[in-house]
Amino acid sequence: MFGALLLVMLTAAVAAQEANISVPDVTGMNAPQAAAALNAVGLRLGSEANVQAADGQAEGMIASQNPASGERAVSGSAVDVTVARAPNIRLIYDDNDLTLINLSSQPLALAPLTLNAAEGGQGVYRAARWGAEVRAGDCVQVWSIGRGEPKSVDGCRAVNAWLTTNDTSQHVWTRTSGVRNFTITQDGEVRAECESARRNTQDTPMRCEFYVDTPADVPNLPYIYTAYTTDALIVLNPSDDGWLRLNVEIVGAGGEVLALNAATNYDSVDPLIKVENASGVSIRQLAPGQCVRFRAPETAAEAFPQPCVPYADSVLETPFWLADFNVRDRENKDHTCKAATPGRLTICVMPR
């Protein structure tokens with residue numbers, strides 16, 4: 001009995017010792033800022049869920065987190081966050097027709113969306129009938145009566161697709177067959193519930209706005225920032241609130257190619273920013289203030305061309321920045337950075 005009690009006490013003590021990091025408050029930050037704050041104390045950014053912003057919540061900023069601020073966490077563990085998002089769909093409809101407007105700055109996939117009769121009836125309208133997607137700022141339209149052309153709707157730049165259907169089971173936005181409300185689902189998950197249109201609402205159309213999940217719309221720097229001396233070169237994220245994607249290559253004077261996101265090109269990579277996938281381990285992006293560094297063999301470990309938080313480091317026998325080198329962008333175009341000058345700092349900013 002005493003041995004079992006001692007084992008429980010020791011296990012609890014070890015668990016308490018492991019969970020020794022106080023989780024910082026990242027609410028009110030965007031994802032890159034949160035990643036930097038969490039990495040700074042030995043934690044990492046976990047999953048990012050999206051929720052429609054409530055009144056007073058800043059769009060694109062973290063509304064909640066788990067574990068909560070002040071709780072204890074194990075070194076290297078993840079903090080999951082929920083990001084407040086502004087509505088990206090507006091429905092404008094009456095008892096004859098419905099228009100879906102894409103309010104976001106990117107195409108919106110239609111296949112995952114359905115409009116479903118809720119209170120008072122049955123039926124479904126599948127948004128895939130309009131096609132694969134609706135472009136940013138554009139709209140799609142469906143009519144429950146015969147029509148020879150779409151109609152102009154305020155807030156819609158162009159009608160990407162429109163159709164009519166005499167199948168009353170698809171008229172879920174109207175009060176046909178007693179439907180009073182309809183839901184909008186995305187991959188089966190309810191995103192909104194809207195009131196169905198009453199009769200004779202053509203003069204005063206009804207509106208319903210809501211958010212559906214889309215690829216994260218977070219600032220992503222359009223350039224690669226390098227700073228170097230003859231001793232060392234860093235690739236730095238100099239921004240306050242954006243990601244620096246590392247999906248570019250550096251090409252040395254001899255033609256050697258160095259992929260910045262390949263973990264195998266570094267002697268050490270902090271596990272907090274590693275990404276493991278089918279192609280191996282990579283470094284997808286840097287948060288504000290973070291950097292990766294390459295240095296000459298004789299360079300001291302504490303030497304940096306500019307202040308930054310290093311998350312990957314490599315010693316190169318032949319430093320490529322001692323000669324002109326190229327930054328190869330995503331379109332496979334090369335942009336030349338000049339060789340390091342002894343005794344001087346060189347900064348080279350090139351397109352990604």
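## Surface and charge

The chain exposes about 17400 Å², and carbon and sulfur atoms supply 50% of that area. The model is a predicted one. Buried residues account for 45% of the 352 residues in the chain.

The chain carries 27 positive and 40 negative charges. The mean positions of these two sets lie 5 Å apart.

## Overall build

Strands dominate the count of elements: the chain has 30 strands and two helices. Its C-alpha trace spans about 80 × 70 × 35 Å along the principal axes. The radius of gyration is 27 Å. A compact globule of 352 residues would come out near 20 Å.

How much of the contact network links residues 24 or more positions apart? Among contacts in the chain with a separation of 6 or more, such pairs account for 61%.

## Disulfide count and pattern

The chain has four disulfides. Count the bonded cysteines along the chain, and the pattern reads 1-2, 3-4, 5-6, 7-8. Three of the links are described below, including C194 to C208, C291 to C308 and C337 to C348.

## C194 and C208

The sulfur atoms of C194 and C208 are 2.0 Å apart, and the two residues form a disulfide. The torsion about this S-S bond is about -75°, so the link is left-handed. C194 sits in strand β15 (residues 189-195), while C208 sits in strand β16 (residues 206-210), so the bond ties together parts that are 14 residues apart in sequence. Buried or exposed, what are C194 and C208? Both are buried.

## C291 and C308

C291 is joined to C308 by a disulfide, with an S to S distance of 2.1 Å. Why is this disulfide right-handed? The torsion about the S-S bond of C291 and C308 is about 50°, and the link is right-handed because of it. C291 belongs to strand β26 (residues 290-295), whereas C308 lies in the loop between β26 and β27 (309-315), so this pair ties together parts that are 17 residues apart in sequence. C291 and C308 are both buried.

## C337 and C348

A disulfide also links C337 and C348, whose sulfur atoms are 2.0 Å apart. The torsion about the S-S bond of C337 and C348 is -80°, and the link is left-handed. C337 is part of strand β29 (residues 334-337) and C348 is part of strand β30 (residues 346-351), so the bond ties together parts that are 11 residues apart in sequence. C337 is buried, as is C348.

## T183 and its surroundings

T183 is a residue of strand β14 (residues 181-186). Its relative accessible area is 14%. Buried means under 20%, so T183 counts as buried.

Which residues does T183 touch, leaving aside its neighbours within four places in sequence? T183 is in contact with T114, L115, N116 and A118. The list also includes V190, A192 and E193. Of these contacts, V190, A192 and E193 fall within residues 189-195, the span of strand β15. C194 lies in that strand too.

Technical notes:
Residues are numbered from 1 along each chain as its sequence is written. This is a predicted model: local features need pLDDT of at least 70, side-chain atom pairs count only at pLDDT 80 or more; totals for chains, interfaces and linings use all residues. Side-chain values use heavy atoms; hydrogens and water are left out. Helices (H or I, at least four residues) and strands (E, at least two) are DSSP runs, numbered from the N terminus. The radius of gyration is taken over C-alpha atoms; the globule rule is 2.2 Å times the number of residues to the power 0.38. Buried means under 20% relative accessible area, exposed over 50%, partly exposed in between (1.4 Å probe, protein chains only). Contact means heavy atoms within 4.5 Å. Accessible areas come from the Shrake-Rupley method with a 1.4 Å probe; for residues, only the protein chains shown count as cover. Lys and Arg count as positive and Asp and Glu as negative; His and the chain ends are not counted. The place of a charge is taken as NZ of Lys, CZ of Arg, CG of Asp or CD of Glu. A disulfide is a pair of cysteine sulfur atoms within 2.5 Å.
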